[in-house]
Amino acid sequence: MDSRTVALIRTTFKAVAAEEGGPEKLARSFYAILFTDYPQVRDFFPAAMDAQRDRLVKAIGYALDRLEEPNKLLPFLAQLGRDHRKYGVQAAHYTAVAVSLKTAMKVYAGTEMWTDEVDRAWDEGLKIIADTMIGAADKETTPPVWTGTVVERREVLRNLTVLRLQLNQPMSYAAGQYLSVQVPSRPRMWRYMSPAVPANANGEIEFHVRAVLGGWVSPSIVGQAAVGDQWLLGSPLGGLGIPRNAKRKMLMVGCGTGIAPLRAQLMAMAQRRTNPKVHLFVGGHHPCDLYDLDTLNSLAVANRWLTVTPVTEHEENPWWYTDSGELAPAHAGLEPRLTGQIGKVVASFGAWADRDVQIVGSPSMVQTTKFRMMAAGTLAKNIRHDPLF
């Protein structure tokens, strides 16, 4: 698309989103139009639509911000197209979504803003998005969905569980990517999770799940997931990962279960002959939140290219945490634990100018860490994280 078309699309969307309650109103209007005019698509969506509406607006914003960066946008859309095969969507469904979204946008933009030129711009933009997703889905030869059987459940903390699954067939994904997952207790409520281990020929996969207060899915997994449960998993998504020929040093920053995709990458790297130097900061609110230090310590001891620094916001564990009473194991491969907010701690080391940076955690943690690092001199182009939705 030319710059004029991009500007028209972006301007109208931002104008609607900037109004008070604009994003929520737009999402509600879109789904109302979609389900009224195309009732057959309602079965693709969960009964509770709050999270779905929020993700829609964020996904649109993410795509529109990258309309002038096709090298970033098109691979992202292709991944989404491959992932959407799990719903059984067809080309007609993409048309329904495009028509409904444009209708909702037109209603909220108003007749003065929504000119014929704006209408044509949105037609062009939505066609590119749909064609890219449909084309990627049509070319894909992997299954639209995998089945995974829970074979092990380990309660790490009262709100954090590690689950191992056996897939019905091996899945090829890059260490650092994430997948959409559906659990039996929450049908049609797909959620993104990052494997904590690299892909393997045995079809084994591991997820670290923390119950999010007020969430629909994660509390259900932590409280109800059991050995024998069958999960559904979509195609891999995301662009985190370290190429085999990477030369630049790496900085990884992970908080809580955000350590999972970083851990998977480190495990994959440990199987290679040579690697760039990697400094990992792993954070949590309390010392007990650093639940995977044994694994990270083993990786650091065995691989001289890896440095691991634990960070916690508090020196002591919370009142509710009780352990076995045994002494904590020595972690000879780790740096001394630091205290503070992880973004502030990482930024205090300087600009990290010689490093490529990956940040994984909650959306607020990622944004805060990114802004603190940029304020310390880190270039935005050197920082990577997955979409925050």
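This passage describes one annotated domain, one helix and several loop residues of a predicted model.

The UniProt entry, which is unreviewed, carries the annotation "domain: Globin" for residues 1-138. In the model this span is 75% helix and 0% strand. The C-alpha atoms at its two ends lie 23 Å apart.

Helix H4 comprises 14 residues, 70-83. Its end C-alpha atoms are 19 Å apart. A rise of 1.5 Å a residue predicts a span of 20 Å, so the two values agree. The buried residues of H4 are Leu73, Phe76, Leu77, Ala78, Gln79, Leu80, Gly81 and Asp83. In an α-helix, residues three or four places apart point the same way, because each turn takes 3.6 residues. The buried residues of H4 pack against three helices: H3 (50-64), H5 (91-109) and H6 (116-139). They also pack against two strands, S3 (179-182) and S4 (191-193).

Gln79 belongs to H4. Its relative accessible area is 14%, under the 20% cut-off, and Gln79 therefore counts as buried. With neighbours within four places in sequence left aside, Gln79 is in contact with Gln177, Pro236, Leu237 and Gly238.

Ala225 sits in the loop that joins helix H7 (218-224) to strand S6 (230-233). Its relative accessibility is 8%, so Ala225 is also buried. When neighbours within four places in sequence are set aside, the contacts of Ala225 are Arg153, Leu163, Ser220 and Trp231. Val183 is 42 residues from Ala225 along the chain. The C-alpha atoms of this pair are separated by 8.3 Å.

Two further loop residues were examined for backbone geometry. Most residues other than glycine have a negative phi. Arg188 is not a glycine, yet its phi is positive, at about 70°. Arg188 lies in the loop between S3 and S4. With a relative accessible area of 32%, Arg188 falls between the 20% and 50% cut-offs and is therefore partly exposed.

Trp352 likewise has a positive phi, of about 50°, and is not a glycine. The loop that holds Trp352 runs between helix H10 (342-347) and strand S11 (355-360). The relative accessible area of Trp352 is 11%, so this residue is buried. Thus Arg188 is partly exposed, whereas Trp352 is buried.

Notes. Residues numbered from 1 in each chain as written. Predicted model: local features only at pLDDT ≥ 70, side-chain atom pairs only at ≥ 80, totals over all residues. Heavy atoms only, no water. Helix = DSSP H or I, 4+ residues; strand = E, 2+ residues; numbered from the N terminus. Expected span 1.5 Å × (residues − 1). Buried < 20%, exposed > 50% of the residue type's maximum accessible area, 1.4 Å probe, protein only. Contact = heavy atoms within 4.5 Å. UniProt positions renumbered as here; feature names shortened; annotations may be inferred.
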